[in-house]
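This report describes internal space, a pocket and aromatic contacts in one protein model. The sequence and coordinates are shown first.

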Amino acid sequence: MRDTKPVFATAKPNGADALIERANRRLAVPEALTSLDELDVLYDDKIAALWTFMRPTGRPSFTPPMLGDFERWQDLIGRNFGPEKLPLRYLLLGSRAPGVFCFGGDLELFAQLIRRGDRDGLRHYGYRCVRILERNIRALDLPLITIGLVQGQALGGGFEALLSFDFIIAERSATFGLPEIMFGLFPGMGAHAILTRKLGSAMADRLILSNETWSAEQMYDLGIVDVLVEDGQGVEAAREFMVKSERRHPGLVAAKKATRISAPTPLAELCQIVDLWADAALDLSPSDLKLMQRLASAQSRLADRSRAA
């Protein structure tokens, strides 16, 4: 059967041909990708970039519906973009939640599962997270650069998710933290594996176990944040980064592949850490659970105030 998928020439057309090709590219973007419930997705055909912004309906965390959107997002990108398909050179993730990139794991769900003693439920949630994260680390096996854009707080799993991107751009007021230790737990969806590889075990432990809040400037000094910009300039800085990276794009893609070869992050390792996390979660005391729920409530109130402002 003849392949009916759109194929785009590698040469850059001019004039009317360029306008026709750009129109074809926009039409080729699957409607399902731009119709996700909690992700806003926009394809920029000029620079072959997919801009994605989380748009949570409730607390800005990785709830099951949000995870479902991310799974569909990755599947649709993998099926429709890449060589001999719709061109994609940059994949960006930011957030529409005012003052928040992401609070991370669904603490309210965790508390319910822990009270039921549901280890399988905790593991299932964690496995979904790390499968998404590991696929993003691999850039969906496409020749593209992934970019995380931080405008606000990136906590817990939100911080872990950012670590899976090739480059992180942060506005100066952005903050980062791994608060899980405050209620007797640890970040189980990638922090140990990625931070140890990036910073070494001593510095990784400091970030994971200290319960400190880290500024964007501190993260820049550590090499976690790659581009630091003033507040309100994040989107423009991301666009400028893409434009300036055009000539070196093949080298950047190859360099990131080399990094993944020299310091791989196997899915099996991430899942093994999730198992440890699930076991630790089931050992939490009633007072730890109360603290977890108080934190979830505080995050919900903050999100509600931000939306009302």
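## Aromatic residues of helix α2

F70 is buried, because its relative accessible area is 5%, under the 20% limit for that class. The model in which this value was computed is a predicted one. W73 is likewise buried, with a relative accessible area of 1%. Both F70 and W73 belong to helix α2, where 3 residues, about one turn of the helix, separate them.

The model holds 7 aromatic pairs. In the pair formed by F70 and W73, the ring centres are 5.5 Å apart and the planes meet at 80°, so the arrangement is edge-to-face; the angle needed for that class is over 60 degrees. F62 joins F70 and W73 in one aromatic cluster.

## The largest cavity

Where does empty space remain inside the model? In general, rolling a probe the size of a water molecule over the atoms reveals the empty space that is left. Here the count comes to 2 cavities of 30 Å³ or more. The largest cavity contains about 390 Å³ of space.

Its lining consists of 34 residues, and those nearest the centre of the largest cavity are F62, C129, G157, A161 and M189. Two or more lining residues come from each of α2 (64-80), α3 (107-116), α4 (119-137), α5 (157-162) and α12 (286-308). Helix α4 gives the most to this lining, with 6 residues. By class, 24 residues of the lining of the largest cavity are nonpolar, 7 are polar and 3 are charged. F62 thus appears both in the aromatic cluster with F70 and W73 and among the residues nearest the centre of the largest cavity.

## The second largest cavity

The volume of the second largest cavity is about 30 Å³. Its lining is made up of M54, P56, P60, S61, M66, S95, F101 and C102. By class, the residues lining the second largest cavity comprise 6 nonpolar, 2 polar and no charged.

## The second largest pocket

The second largest pocket holds about 470 Å³ of space. Of the 21 residues in its lining, I137, L163, I194, K198 and T259 lie nearest the centre of the pocket. At least two lining residues are supplied by each of α4, β7 (167-171), α6 and α10 (249-262). The lining of the second largest pocket has 9 nonpolar, 4 polar and 8 charged residues.

## The surroundings of I194

I194 is located in helix α6, which spans residues 191-199. Is this residue buried or exposed? I194 is buried, because its relative accessible area of 5% falls under the 20% cut-off. I194 is also among the residues nearest the centre of the second largest pocket.

Beyond its neighbours within four places in sequence, I194 makes contact with L133, I137, E160, L163 and S164. One of these partners, E160, is 34 residues from I194 in sequence, and the C-alpha atoms of I194 and E160 are 8.3 Å apart in space. I137 and L163, both in contact with I194, are likewise listed among the residues nearest the centre of the second largest pocket.

## Charges over aromatic rings

Which residue lies over the face of F53? It is R96, at 4.2 Å from the centre of the F53 ring. The ring of F167 has the charged end of K256 over it, 4.6 Å from the ring centre.

Conventions. Residues numbered from 1 in each chain as written. Predicted model: local features only at pLDDT ≥ 70, side-chain atom pairs only at ≥ 80, totals over all residues. Heavy atoms only, no water. 1 Å grid on protein atoms, 1.4 Å probe; cavity = no way out; pocket = protein on both sides within 12 Å on 5 of 7 lines; lining within 4 Å. Points joined across faces, edges and corners; volume = space filled by probe spheres on them. Helix = DSSP H or I, 4+ residues; strand = E, 2+ residues; numbered from the N terminus. Nonpolar A, V, L, I, M, F, W, Y, C, P; charged D, E, K, R; others polar. Buried < 20%, exposed > 50% of the residue type's maximum accessible area, 1.4 Å probe, protein only. Contact = heavy atoms within 4.5 Å. Phe/Tyr/Trp six-rings, centres within 6.5 Å; stacked < 30°, edge-to-face > 60°. Lys NZ or Arg CZ within 6 Å of the ring centre and 35° of its normal.
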